[in-house]
Amino acid sequence: MRLTRQSNYAIRTLVYCAVNEPGLSRVADIARAYNISELFLFKLIKPLVENGLLATVRGRHGGIKLGKKAEDITLLDTIRLTEENFALAECFEDGADCPLIGECDLNGALREALGAFFEVLAGYTIADLASKKRSIRDRLGLTAAEAVAEPLH
């Protein structure tokens, strides 16, 4: 099993925002830090915003930030939004025509494995991944001066 680029960079984007708190993060800066296109990043940010994992702040000094506390965003939350499906074998898909469906233990074993996978992902949060904040900020090229201050209302 391999996660898609969308899942990988969605998690990385959330970690970037977590280590850049309390400032706002710019899409251009995140794209540059991870060497990905801004267009790709905008596409993967959309479902994260729609589901409350990220929030946007519009305007000249706008950007993105976590929509929830980093401790409240699990890896499972993120991956469920970014992965198309978790069909580990044909028998997981609707309309599968394997003659052994219902009699084969492969389906049960794979479901058990997928359940364990989900359980582990649910046990890790963005806060866990961002716990080495200073080191991560250094590796991403973030300095205190680069953080976009959130506008005061």
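**View 1. The exposed side of helix α5 in the predicted model.** On this side of α5, Asp 105, Glu 112 and Glu 119 are exposed, and they lie on the other side of the helix from the buried residues, which are the subject of the next view.

**View 2. The buried residues of helix α5.** Asn 107, Leu 110, Leu 114, Phe 118 and Leu 121 are the residues of α5 that count as buried. When one looks down the axis of α5, these buried residues fall within an arc of 80°, so they line one face of the helix. In an α-helix there are 3.6 residues a turn, so residues three or four places apart point the same way.

**View 3. The packing of α5 against α4.** The partner of the buried residues of α5 is helix α4, made up of residues 75–82, against which they pack.

**View 4. The span of helix α5 from end to end.** Helix α5 takes in the 18 residues from 105 to 122, and because a rise of 1.5 Å a residue is expected, the helix should span 26 Å. Its end C-alpha atoms are indeed 26 Å apart, in agreement with that expectation.

**View 5. The setting of the close-ups within the whole chain.** The chain holds 7 helices and 2 strands, which follow one another from the N terminus in the order α-α-α-β-β-α-α-α-α. Of its 153 residues, 39% count as buried, while the accessible surface of the chain comes to about 9,700 Å², with 51% of that area belonging to carbon and sulfur atoms. Among contacts between residues at least 6 apart in sequence, 68% join residues at least 24 apart.

Notes: Residues numbered from 1 in each chain as written. Predicted model: local features only at pLDDT ≥ 70, side-chain atom pairs only at ≥ 80, totals over all residues. Heavy atoms only, no water. Helix = DSSP H or I, 4+ residues; strand = E, 2+ residues; numbered from the N terminus. Buried < 20%, exposed > 50% of the residue type's maximum accessible area, 1.4 Å probe, protein only. Contact = heavy atoms within 4.5 Å. Areas by Shrake-Rupley, 256 points an atom, 1.4 Å probe, with all protein chains shown as cover. Expected span 1.5 Å × (residues − 1). Arc of directions from axis to C-beta.
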